[in-house]
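Open the model in your viewer and keep the sequence panel beside it. Each stop below gives a selection and what to look for there.

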Amino acid sequence: MTRLTRDFGDTMQRDAVPAVSSDVVFASSRFPNYRIGANNQIIETKDDPKVLSMKEVVARETAQLLEQHNRLSVRDLASKFEKGLAAAAKLSEEARLREAASLEKHVLLKKLRDALESLKGRVAGRNKDDVEEAIAIVEALAVQLTQREGELIQEKAEVKKLANFLKQASEDAKKLVDEERAFARAEIEDARAAVQRVEEALQEHERMSQASGKQEQLMREVQEARRIKMLHQPSKVMDMEHELRALRSQLAEKTRQYLRLQKELTRTKKGGENVPHLYELEGNETLGSYLQIQPCSDNAPEVSKCSIQWYRVSSDGAKKELISGATKSVYAPEPFDVGRILQVDIISESEHVTLSTAGPIDPAAGLGTYVEALVRKHDTEFNVVVTQMNGSHHPTESIHVLHVGKMRIKLCKGKTTIAKEYYSSSMQLCGVRGGGNAAAQALFWQPKQGHSFVLAFESERERNAAIMLARRFAFDCNIMLAGPDDRAPLGT
C-alpha cells in the first residue's frame with residue numbers, strides 16, 4: 001500500500017479553506033499594501049501615482065474606441081465585428097473544453113476521497129491521522145476546484161454575453177452596410193438620371209441653336225435676295241415712297257412759306273411796315289414740334305434778360321389760360337394745346353412785346369389712330385430716361401420703363417419699381433415747359449405731392465401718345481389729369 005505524506009503538495013488545515021460561492025466578485029486582483037505606523041497602527045499605503053484609476057482607464061479606452069470608430073469605415077467595422085464574433089466562438093469552445101476537464105477532475109477527486117475514506121477504516125494510529133489529513137487536502141482541492149468552476153461559469157456567461165453582443169453588432173453592421181449600399185446605388189441612379197437629363201437638355205439646346213442659326217441665316221439670305229431684287233428691279237412701292245418723301249419736303253417748305261406770309265400779314269395789320277419788330281416765333285405750329293423766341297432786330301434786348309410767360313388762348317380769343325411754369329424761350333406744345341393759339345409775353349425794362357402763333361396748334365398726323373390702338377391694351381410700356389427727380393438733375397442715363405395702365409402709372413428700372421401710383425387728384429402729367437430742343441420729347445410727371453420726375457422719350461410721338469393715353473384712362477376714373485394750375489383758366 002502506498003503511504004501518503006505531506007510531500008505531495010502544500011499542507012492545508014482542515015478548517016483553513018471555507019467553501020467559496022461562485023457569485024463572489026473580488027474588488028481587486030491583488031492583496032492590499034499596508035505598513036505599521038506609530039502605536040502599531042495599520043496604515044494603507046497610497047497607490048503608485050503611475051498606476052491609473054479604473055475611471056481613467058475606462059475613459060482612455062472609450063476615447064481610443066471612439067477614435068478607432070471614426071477612422072473605420074462601415075465595411076471595416078463589419079469586418080471587425082465578424083472577427084470578434086469568431087474570437088467569441090473560439091473562447092466559448094475553450095470554455096466548454098475547460099468545463100469537461102473540470103468535470104473529470106471532480107470525478108477523480110471523488111474517487112480519491114472515497115478511496116481515502118475506505119482506507120481510513122482500515123488503519124489506526126499515526127497512519128489514520130495521515131489519512132485524515134490527506135482527506136482534508138482532497139476536500140480543500142475540491143473547494144478550490146468549485147471556486148474555479150464558479151469563475152469559469154461567470155467567465156462563460158460573460159463570453160456568451162459578448163458573443164451575443166458581437167453577433168447582434170455584426171448583424172447591425174451588415175444591415176447598415178446593406179442600407180448604405182442601397183442608398184449609394186440609389187444616389188448613383190439619381191446621378192445617372194440627372195446626367196442623362198443634362199445631356200438631353202444640352203442636345204436639345206444644341207439642336208435649337210442650330211435651328212435658330214439656320215433660320216437667321218435663311219432670313220439674312222432672303223433679305224439679301226430682296227435687296228438685290230429691289231436694286232435691279234425697282235418696284236412701284238419704292239417709286240411711291242420717293243414720291244411721298246418729295247411731297248413731304250414740298251409740303252414742309254410750303255408750310256414754312258405760309259407761316260412766314262401769315263406772320264408778315266399779321267404784322268401789317270397791326271401797324272404797317274414802319275413798326276419795328278423785335279422778336280418772332282420760329283418753329284412748326286403743330287403737335288410734336290417746338291416754338292422758340294428769336295430776336296429779329298439788333299435793338300432787341302437779349303431774351304435771357306427778359307421776363308417770359310406763355311399763354312394758352314382759345315381759338316375765338318374769349319378765354320386766356322396761363323401755362324404755369326412756361327417761362328423759357330422755348331415751348332413744346334402738348335395735347336392740351338391742340339386747337340388753341342399760343343401766346344407769349346416778353347417783358348424787358350423798356351419793352352413789352354406779345355407774340356402769338358398764326359393759328360391754332362395742329363394735331364400730329366396719325367397720332368389719334370395710334371392712341372386708339374393703345375387704348376385697347378390693358379398696359380402700355382414706354383422706354384424713357386429719367387433726366388430730373390424732385391427738381392434735381394438725375395446723373396444716370398439708364399433706360400427705365402414707364403407703364404401706363406387703366407388704373408395706375410408705374411415707373412420701373414429692370415425688376416425694381418421706382419414709383420407706382422393710382423390715378424388721383426394729386427397726380428399731375430404734362431409736357432415739359434421749357435428745356436431746349438429736347439422739350440418736345442419730355443414730360444413732367446408728379447405721382448404725388450413732393451415726388452416728381454422729368455422723363456425723356458424716344459420720340460415726340462411716344463411722348464404725346466403717353467400723355468393722351470394716361471389722360472384717357474384717368475378720365476375713365478373721373479380724374480382730370482393735367483399740369484400744374486391747368487385747371488384754373490384766366491379770363492381775358
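The tour starts with the whole chain, then goes through cores, a helix pair and some single residues.

**Whole chain**

Colour everything by confidence. This is a predicted model. Its mean pLDDT is 77, and 75% of the residues reach 70 or more. Now colour by secondary structure: there are 6 helices and 18 strands. Of the 492 residues, 27% are buried. Among contacts with a separation of 6 or more, 56% join residues 24 or more positions apart.

**Where to be careful**

Where is confidence lowest, and where is it highest? Select strand S18, residues 490–491, for the low end, with a mean of 40. Select strand S13, residues 408–413, for the high end, at 94.

Next, select residues 1–32. Here pLDDT stays under 50. The model has 26 contacts beyond four places in sequence for this stretch. Then select residues 488–492. Their pLDDT is below 50 too, and the stretch has 13 contacts beyond near neighbours in sequence.

**The largest nonpolar core**

Show side chains for Phe382, Leu402, Tyr423, Trp445 and Leu455. In the largest nonpolar core, which has 30 residues, these five touch the most other members.

Now bring in the elements around them. Those giving two or more residues to the core are helix H5 (367–375), strands S10 (379–389), S12 (399–405), S13, S16 (442–448) and S17 (451–457), and helix H6 (460–476). Which element gives the largest share? Helix H6 does, with 7 residues.

Centre on Trp445. Ignore its neighbours within four places in sequence. What remains in contact with Trp445 includes Leu402, Ile409, Leu411, Ala419 and Met427. Further along the chain, His451, Ser452, Phe453 and Leu455 are also among the contacts of Trp445.

There is another core to find. Select Leu291, Ile323, Val353 and Leu355. They belong to a second, separate core of 19 residues.

**Helices H5 and H6**

Hide all but these two helices. Two packed helices are described by the angle and the distance between their axes. The axes of H5 and H6 come within 10 Å and cross at roughly 50 degrees. H5 and H6 are therefore oblique to each other. The crossing is right-handed.

Show the side chains in the contact. H5 contributes Leu367, Tyr370, Val371, Glu372, Leu374 and Val375. From H6, pick Arg461, Glu462, Asn464, Ala465, Met468, Leu469, Arg472 and Phe473.

**Asn464: buried or exposed?**

Stay on helix H6, where Asn464 is found. Asn464 has 2% relative accessibility and so counts as buried. Beyond four places in sequence, Asn464 touches Leu287, Gly288, Pro333, Pro335 and Leu367. Draw a distance from Asn464 to Cys430. The two are 34 residues apart in sequence, with their C-alpha atoms 9.3 Å apart.

**Thr380**

Move to strand S10 and select Thr380. Its relative accessibility is 5%, so Thr380 counts as buried. Leaving out residues up to four places away in sequence, Thr380 touches Leu374, Leu402, His403, Val404 and Leu469.

**Two asparagines with positive phi**

Which backbone feature marks Asn390? Its phi is positive, about 55 degrees, although Asn390 is not a glycine. Look for Asn390 in the loop between S10 and strand S11 (392–393). With a relative accessible area of 40%, Asn390 is partly exposed.

Jump to Asn478, in the loop between H6 and S18. Asn478 is not a glycine either, yet has a positive phi of about 60 degrees. At 73% relative accessibility, Asn478 counts as exposed.

**Two loop stops**

Select Glu302, in the loop between strand S4 (291–295) and strand S5 (307–313). Glu302 is partly exposed, with a relative accessible area of 48%. Add Ser348. Glu302 and Ser348 are 46 residues apart in sequence, and 8.9 Å separates their C-alpha atoms.

Finish at Gly121. This glycine sits in the loop between helix H2 (74–120) and helix H3 (126–232). Gly121 is exposed, with a relative accessible area of 70%. Add Val131, 10 residues away along the chain: the C-alpha atoms of Gly121 and Val131 are 9.7 Å apart.

Key
Residues are numbered from 1 along each chain as its sequence is written. This is a predicted model: local features need pLDDT of at least 70, side-chain atom pairs count only at pLDDT 80 or more; totals for chains, interfaces and linings use all residues. Side-chain values use heavy atoms; hydrogens and water are left out. pLDDT is the predictor's confidence in each residue, from 0 to 100. Helices (H or I, at least four residues) and strands (E, at least two) are DSSP runs, numbered from the N terminus. Contact means heavy atoms within 4.5 Å. A nonpolar core is a set of buried Ala, Val, Leu, Ile, Met, Phe, Trp, Tyr and Cys residues joined through side-chain atoms within 4.5 Å. Buried means under 20% relative accessible area, exposed over 50%, partly exposed in between (1.4 Å probe, protein chains only). Axes are lines fitted to C-alpha atoms, for helices over the stretch in contact, and angles run from 0 to 180 degrees between N-to-C directions. Angles under 35 degrees count as roughly parallel, over 145 as roughly antiparallel, 65 to 115 as roughly perpendicular and the rest as oblique. A crossing is left-handed if the near helix is turned anticlockwise from the far one by less than a right angle, and right-handed if clockwise.
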